[in-house]
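Thanks for coming. I have one chain to go through today, so please look at the screen while I talk.

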Amino acid sequence: MTDNTNDGGNVRIDDPRDFPPQEDGFQRLWTPQRMSYVLRGSKGGREAKKPEHKECPFCAGPKKSDEDGLIAWRGTYVFAIMNLYPYNCGHLMVCPYRHVSFLTDLDDDELFEFEKASTLAMTVMRTVSHPDGYNLGINQGEVAGAGVATHLHQHIVPRWNGDSNFMPIIAQTRTMPILLHEQREAYAAAFEGLAPSFGLPLAAKEREEDKD
Ligand SMILES: [Zn+2]
């Protein structure tokens, strides 16, 4: 039963169904049963999954030789590593040595070198392969798309006009005109040449030799 009366300019609503909210163009499929699935992986979830113990690739990489670990440059707090599954040719990642998840976990020295090294990496790309643009980004947390959510890494992806062709769309395949190891070598040489002008250390290998 409704009884909407004009009461001194105020409309009294007895039944909200008489005044439906403004439509926003979306239909709703109500699925309350999915909440248990959504909460399953979160801390509050009753069925929270324990993470599998697997060595973190960004902790393992710097323990190897530059060649085996695909390391292009080693700084004091961060390093640059080739992406084994590149979004585009020459895709680098800058990571702190410390196994932390979020940008907010870095201290001031790490944060400074992390960003400085990202600009160095862009300059290395510009020198080696003259891209027309760059994608830089950090996915933080699995929900945000981080492949290795437990170890912070900044993607630095060079882009060229016309680099996106039909292959990724119709064939789930990206075309890569240079091999990872060759690309790493070219980058490593450029990092070495450019790092001092950024106020950053040379590659760790060089610094080891300096100590001798
Ligand atoms: Zn790690």
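When I say helix, I mean a DSSP run of H or I with at least four residues, and a strand is a run of E with at least two, both numbered from the N terminus. Counted that way, the chain has seven helices and seven strands. Keep in mind that this is a predicted model. Going along the sequence, the elements come in the pattern β-β-α-α-α-β-β-β-α-β-β-α-α-α. The chain has 212 residues, and 33% of them are buried. If you take the contacts with a sequence separation of 6 or more, 59% are between residues 24 or more positions apart.

Let me begin with the metal. Which residues hold the zinc ion? They are Cys-56 and Cys-59, each through SG, and His-99 and His-151, each through ND1. The distances run from 2.0 to 2.3 Å. In sequence, the spacing of these donor residues is C-x2-C-x39-H-x51-H. The angles subtended by the four donor atoms are 101 to 120°, and therefore the arrangement is tetrahedral. The limits for that label are 85 and 135 degrees, with all angles required to lie between them. For reference, the ideal angle for four tetrahedral donors is 109.5 degrees.

The two cysteines do not get the same burial label, and the cut-off is what decides it: buried means under 20% relative accessible area. Cys-56 has 10% relative accessibility, so Cys-56 counts as buried. Cys-59 has 22%, so Cys-59 counts as partly exposed.

Now the core. The largest nonpolar core contains 26 residues, and the ones with the most contacts inside it are Trp-73, Leu-92, Leu-120, Tyr-187 and Phe-191. Where does this core come from, in terms of elements that give two or more residues? Those are strand 3 (71-74), strand 4 (78-82), strand 5 (92-96), helix 4 (108-129) and helix 6 (180-194). Helix 4 gives the most, with seven residues. There is also a second core, separate from this one, with seven residues, among them Ile-71, Phe-79, Met-93 and Cys-95.

Tyr-187 is a useful residue to click on. Setting aside neighbours within four places in sequence, Tyr-187 is in contact with Ala-72, Met-82, Gly-90, Leu-92, Val-124, Met-125, Val-128, Ser-129 and Pro-158.

Two of the other core residues just named, Trp-73 and Phe-191, also turn up in the aromatic search. Over the whole structure, that search finds two aromatic pairs. In the pair I want to show, the ring centres of Trp-73 and Phe-191 are 5.8 Å apart and the planes are at 15°, so the pair is stacked. Trp-73 sits in strand 3 and Phe-191 in helix 6, 118 residues apart, so to speak of this pair is to speak of a link between distant parts of the chain. Trp-73 is buried, at a relative accessible area of 1%. Phe-191 is buried as well, with a relative accessible area of 1%.

Next to Trp-73 in the numbering is Arg-74, also placed in strand 3. Is Arg-74 buried or exposed? Its relative accessibility is 10%, so Arg-74 counts as buried. What does the Arg-74 side chain make a polar contact with? One partner is the side chain of Asp-66, at 2.7 Å. The Arg-74 side chain also reaches the backbone oxygen of Lys-64, at 2.8 Å.

Two backbone angles are worth a look. Most residues other than glycine have a negative phi. Leu-70 has a positive phi, near 55°, and lies in the loop between helix 3 (66-69) and strand 3. With a relative accessible area of 8%, Leu-70 is buried. His-130 also has a positive phi, near 45°, and lies in the loop between helix 4 and strand 6 (133-137). His-130 has a relative accessible area of 55%, so His-130 is exposed.

Last stop, Asn-161. This residue is in the loop between strand 7 (154-159) and helix 5 (167-171). Asn-161 counts as exposed, at 69% relative accessibility. The C-alpha atom of Asn-161 is 6.3 Å from that of Asp-132, and the two residues are 29 apart along the chain.

That is what I had to show.

Key:
Residues numbered from 1 in each chain as written. Predicted model: local features only at pLDDT ≥ 70, side-chain atom pairs only at ≥ 80, totals over all residues. Heavy atoms only, no water. Core = buried A, V, L, I, M, F, W, Y, C linked by side-chain atoms within 4.5 Å. Buried < 20%, exposed > 50% of the residue type's maximum accessible area, 1.4 Å probe, protein only. Contact = heavy atoms within 4.5 Å. Donors = N, O, S within 2.8 Å, 3.2 Å for Na, K, Ca; no water. Tetrahedral: all angles 85-135°; square planar, octahedral: opposite > 155°, others 65-115°. Phe/Tyr/Trp six-rings, centres within 6.5 Å; stacked < 30°, edge-to-face > 60°. Polar contact = N/O pair within 3.5 Å; in protein donor to acceptor, adjacent residues only side chain to side chain.
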